[in-house]
Amino acid sequence: IQKGIEQLDWKAIYRQKRTTAQEAVKHIKSGDRVSLSHAVGEPTHIIEAMVANREAYRNVEITHMISMGQSKYAQPGMEPYFRHNSLFVGGTTRKTVRDGHGDFTPCYFSEIPNLWHRTMPLDVAVIHVSRPDEHGYCSLGVSVDYSKHAVKEANLVIAQVNSQMPRTLGDTFVHISDMDMIVEHDAPLIELAPPVITDVERAIGEYCASLIRDGDCLQLGIGAIPDAVLLSLKNKKDLGIHSEMFSDGVVELVESGIINNSKKNFHRDRMVATFLMGTKRLYDFVDNNPMVAMYPATYTNDPYVAGKNDNLVSINSCVQVDLLGQVCSESVGTTQISAVGGQVDFVRASALSRGGRSIIAMPSTAAGGTISKIVATLDEGAAVTTNRYDVEYVITEYGIAHLKYHTVRERARMLIHIAHPAFRDGLAESFEKRFRCKF
Ligand code: COA
């Protein structure tokens, strides 16, 4: 009944719940587990207030997927107050996790609500939303992913309401009645400049494009490679999007008519995603745009849902691939540098999709050309992200290896052919030792 009243008379309730960030964070208690909206949807104003209020806390656990902000709560000196439990390690949290001041919990993006429900119950959800509409609903904007579930799971919901958060459509809305404390703070979202594309990425993009047909539905992962792929699609037509995320490159292809979602058999005419990262151009494009349908990751990334798209092509990147086709996308040896995200979900979705294909694309080398990303065996302690039973295509700037349903020797040969020439002899030697035959 209370909820019904709050829904009807939401403006009065909104005024009652409105407070400052400084006041709101006083309700977080020592030992609480706090989830934050992630990526460019980080509620930065409330995070700042939490950090400023740190002396009042002991051991507050902060959990989220990738952080695109400063992650001050995870920096040296913060250990007594905060403990970071990362679901996706990023640039500002790598050192914390590596040095033992934080934890990493492996979890598919699509399963984070299960994680909270079963083993990591949430005390507090800090979310970042648009201004309410005339019915009292705020949109989760650029970061829908797990936030809607966080609202359901947490005992206390603190929302940063920001007029600059775009109102994205789909299953993105949270009602004022589901929030406990409302902090109005208008500020630009974090922006992510488009990555620099070198000749290497351009060549990789061209190879990926050669596997993409008119009318395909694309999933694009994180990093420079997906953007390079988009640049190589200028001669395609009628492409669609069902992705975990997308960035500015997609907007350009929509504006030039190449992405129009017209051939999608599932969510026809709509681009589906769960979070977005880019510049203001992207955020303006998605604002109130019915062409963009945002859903929680439990839906977008569920392989059985995404796999309903015919001709789904997933394109993701990685750190290393060994000669069996085992793909490490999240660690350098024992050091966790990112996480699975939606990679495996979408590799499997592509396998379930009629006409689907999955691509792991990467430059052939790392560290300025000194390290081969194709290796005889994964580095000691490296995590297998996409396993050899799931992997399908691997692409470098030297070509395409189609691994699925091929013998281990065939896989190894194909991979050595697309390795950087400087490393092929060494890999061939490893091949001969391992498989006891001539390369
Ligand atoms: N050996 C040693 N270091 C390596 C390496 C290797 N084989 N491969 C990469 N690195 C290092 C890079 O040098 C870089 O280090 P730096 O940050 O100190 O410069 C770091 O690892 C990240 O590599 P980079 O090539 O810059 O990353 P990227 O931005 O292109 O992202 C992944 C690549 C694999 C990290 C990223 O795609 C990822 O996190 N994937 C997993 C999740 C995913 O696919 N999600 C998809 C759905 S959105």
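Two strands pair if DSSP finds at least two bridges between them; strands (E, at least two residues) and helices (H or I, at least four) are DSSP runs, numbered from the N terminus. This is a predicted model, where local features need pLDDT of at least 70 and side-chain atom pairs count only at pLDDT 80 or more, while totals for chains, interfaces and linings use all residues. Residues are numbered from 1 along each chain as its sequence is written, and side-chain values use heavy atoms, leaving out hydrogens and water.

**Exercise 1.** Work out which strands stand at the edges of the sheet β20-β19-β26.

*Solution.* Start with the order: β20-β19-β26 is an open sheet of 3 strands with mixed pairing. β20 (327-328) and β26 (374-375) each have a single partner strand, so they stand at the edges, and one side of each lacks a neighbour in the sheet. Now zoom in: β19 (residues 320-322) pairs with β20 in the antiparallel sense over 2 bridges. Gln320 has Cys328 of β20 as its bridge partner.

**Exercise 2.** Describe how α8 and α9 cross.

*Solution.* First, get the geometry: the axes of α8 (residues 199-210) and α9 (residues 224-231) come within 8 Å and cross at roughly 60 degrees. Axes here are lines fitted to C-alpha atoms over the stretch in contact, with angles running from 0 to 180 degrees between N-to-C directions. Next, classify: α8 and α9 are therefore oblique to each other (under 35 degrees is roughly parallel, over 145 roughly antiparallel, 65 to 115 roughly perpendicular, the rest oblique). Finally, pick out the contact residues (heavy atoms within 4.5 Å): α8 brings Glu201, Arg202, Ile204, Gly205 and Cys208, and α9 brings Ala224, Ile225, Ala228 and Val229.
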